[in-house]
Amino acid sequence: MDFGDFHPYVYYATRYPFSKGQTSSNRISYASSLYLISEGKGVIQTCGRTYDTEVGSLVYIPAGQLHHWIADRDEPMVHVCCYFDWSYRDRRMEFINPSIICFDPASLQPSLIGPTFPYSLPEYMKVEKLRIWIDFFEKFYTDNQYTNERTYIRSLKIQSSFQQFIEFFLHFALNEEYIPDPRMYKLLDRLDQDLLHGKLQPLKTYYKELRISRGYFFNLFKQATGLPPTQYIIQFKINRAKNDLLFTNLSITEIAEKHGFSSVHYFSKLFSRLNGRSPREYREEKRDDS
C-alpha cells in the first residue's frame with residue numbers, strides 16, 4: 001500500500017446479535033472487517049484456523065479472506081462490528097450496498113477486493129476495558145447505505161470518529177516497532193508550531209521536557225519521523241522555502257532569510273544537496289513545467 005493513499009474509510013458499522021446456535025455461511029467480504037464480541041460466545045473459522053471467541057474477543061479479517069461464524073447454543077454471541085477499507089474503494093456501480101459480502105467464491109470479483117494493511121495484524125486478540133471499545137464503535141455506527149446529499153454531513157462525523165478508532169486499534173494491534181512513542185506526537189506538534197512561528201528552541205529544550213536523554217530522544221524522533229531532529233528541521237524549512245520559490249517573487253536571498261537560514265550560500269548548499277538542483281534551477285524548472 002502506498003501510504004500516501006492510506007485513508008481508512010468505514011462503510012458499515014453495527015451491533016449484530018446471533019440466535020442460539022446460529023451459523024453464518026462461508027463468506028468473503030470485499031472490505032476488511034473487525035468484530036468485537038460484546039456478549040456471549042461462539043467460534044470463527046478462517047483459512048483452516050479455528051478461534052473460540054468470548055466477551056472481549058476482537059477478530060480482524062482482511063478483505064478477501066474466507067470466514068465462517070458459529071454462535072454458542074446456550075450463550076450466543078453479539079457482534080459489535082464494522083466493514084472498512086484501508087483506503088476508499090468505489091464499488092457503487094457493482095453493488096447496491098457498500099458492505100458487500102460474497103457467499104459464492106466462484107462469483108468473487110478479485111479486482112474489487114479492498115487493499116491489505118502493509119504490516120501484519122493478528123486475526124485474534126483479547127481486549128480489556130470492553131466499555132471503551134464499545135463506546136468507540138458506537139460513535140461510528142451507520143446504516144448499510146452509500147453517502148448521499150442528505151447524509152454527507154453525518155458521514156463526515158462518522159468518518160472522523162472512525163479515524164480516531166483506527167488510531168486506537170493500531171496502537172493496540174501493532175508491534176511497538178511500527179508505533180512511535182505517543183509522547184512524540186505532542187512534541188512534534190509543538191516543534192512544527194515553533195517552526196511555523198519562528199520560535200524554534202534548542203533541541204535540548206525539547207528532550208529535557210520529556211525527561212529523557214539526548215540519545216534516547218534522537219532514537220524516538222527518528223522512529224516517529226524517519227529523520228534525525230536536525231534533518232527534520234532542515235527539511236521542514238526547505239519545504240516551506242519551495243512554496244516561496246514557486247509562488248512568490250521573493251528573491252532567493254529574501255527566502256533564505258525568511259526561513260531562518262544563516263546565509264543564502266548555506267541555504268543554497270542545503271537545498272542543492274536535498275533536491276539535486278539549486279534554488280534558482282528549481283524555480284526555473286518548475287515554472288517552465290507549468
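These legends go with a set of close-up views of one predicted model.

The model is predicted, so local features need pLDDT of at least 70 and side-chain atom pairs count only at pLDDT 80 or more, while totals for chains, interfaces and linings use all residues. Residues are numbered from 1 along each chain as its sequence is written, and side-chain values use heavy atoms, with hydrogens and water left out.

**View 1. The whole chain, before zooming in.** The secondary structure comes to 9 helices and 10 strands; helices (H or I, at least four residues) and strands (E, at least two) are DSSP runs, numbered from the N terminus. The C-alpha trace spans about 75 × 50 × 35 Å along its principal axes. Its radius of gyration is 25 Å, whereas a compact globule of 290 residues would come in near 19 Å (taken over C-alpha atoms, with the globule rule being 2.2 Å times the number of residues to the power 0.38). Buried residues make up 43% of the 290, where buried means under 20% relative accessible area, exposed over 50% and partly exposed in between, with a 1.4 Å probe and protein chains only. Take the contacts (heavy atoms within 4.5 Å) between residues at least 6 apart in sequence: 73% of them join residues at least 24 apart.

**View 2. The open sheet E1-E8-E3-E6-E10.** This one has 5 strands with antiparallel pairing; two strands pair if DSSP finds at least two bridges between them. E1 and E10 are the edge strands, each pairing on one side only. On average, neighbouring strands are turned by 15° against each other, direction ignored (axes are lines fitted to C-alpha atoms, for helices over the stretch in contact, and angles run from 0 to 180 degrees between N-to-C directions). Over at the E10 edge, 3 bridges link E6 and E10 in the antiparallel sense, and serine 57 has lysine 126 as its bridge partner in E10. Helix H1 packs on the sheet by touching E3, E6 and E8, and its direction makes about 130° with that of E3. Helix H2 packs there as well, touching E1, E3, E6, E8 and E10, with its direction at about 80° to that of E1.

**View 3. Strand E8, covered along its run.** E8 takes in residues 78-85, and 8 of its 8 residues are buried. In a regular strand the side chains alternate between the two faces of the sheet. Here Val78, Val80, Cys82 and Phe84 point one way, while His79, Cys81, Tyr83 and Asp85 point the other way. Strand E1 (residues 9-17) runs antiparallel to E8 and is joined to it by 8 bridges; tyrosine 16 has histidine 79 as its bridge partner. Strand E3 (residues 32-39) also pairs with E8 in the antiparallel sense, over 7 bridges, and there glutamate 39 partners valine 78.

**View 4. Phe165 and the largest nonpolar core.** A nonpolar core is a set of buried Ala, Val, Leu, Ile, Met, Phe, Trp, Tyr and Cys residues joined through side-chain atoms within 4.5 Å. The largest one has 29 residues, and Phe165 and Phe169 touch the most other members. E1, E3, E6 (57-61), E8, H1 (130-138) and H2 (152-173) each supply at least two residues, with the largest share, 7 residues, coming from H2. Setting aside neighbours within four places in sequence, phenylalanine 165 is in contact with Leu34, Trp133, Phe136, Phe137 and Phe140. A second, separate core has 16 residues, including Met184, Leu210, Ile233 and Phe236.

**View 5. Glutamate 123 in its loop.** This residue sits in the loop between strand E9 (101-102) and strand E10 (124-126). Glutamate 123 counts as buried because its relative accessibility is 12%. Its C-alpha atom is separated by 5.4 Å from that of valine 59, although the two are 64 residues apart along the chain. Not counting residues up to four places away in sequence, glutamate 123 touches Thr46, Arg49, Tyr51, Leu58, Val59, Tyr60 and Gln65. With glutamine 65 there is a side-chain polar contact of 2.8 Å; a polar contact is a pair of N or O atoms within 3.5 Å, and within protein one must be able to donate a hydrogen and the other to accept it, with residues adjacent in sequence counting only if both atoms are side-chain atoms.

**View 6. The open sheet E5-E4-E7-E2-E9.** Here again 5 strands pair in antiparallel fashion. E5 (49-53) and E9 stand at the edges with a single partner strand each, so one side of each is left without a neighbour in the sheet. Strand E4 (residues 42-46) pairs with E5 over 5 bridges in the antiparallel sense, and the bridge partner of valine 43 in E5 is aspartate 52.
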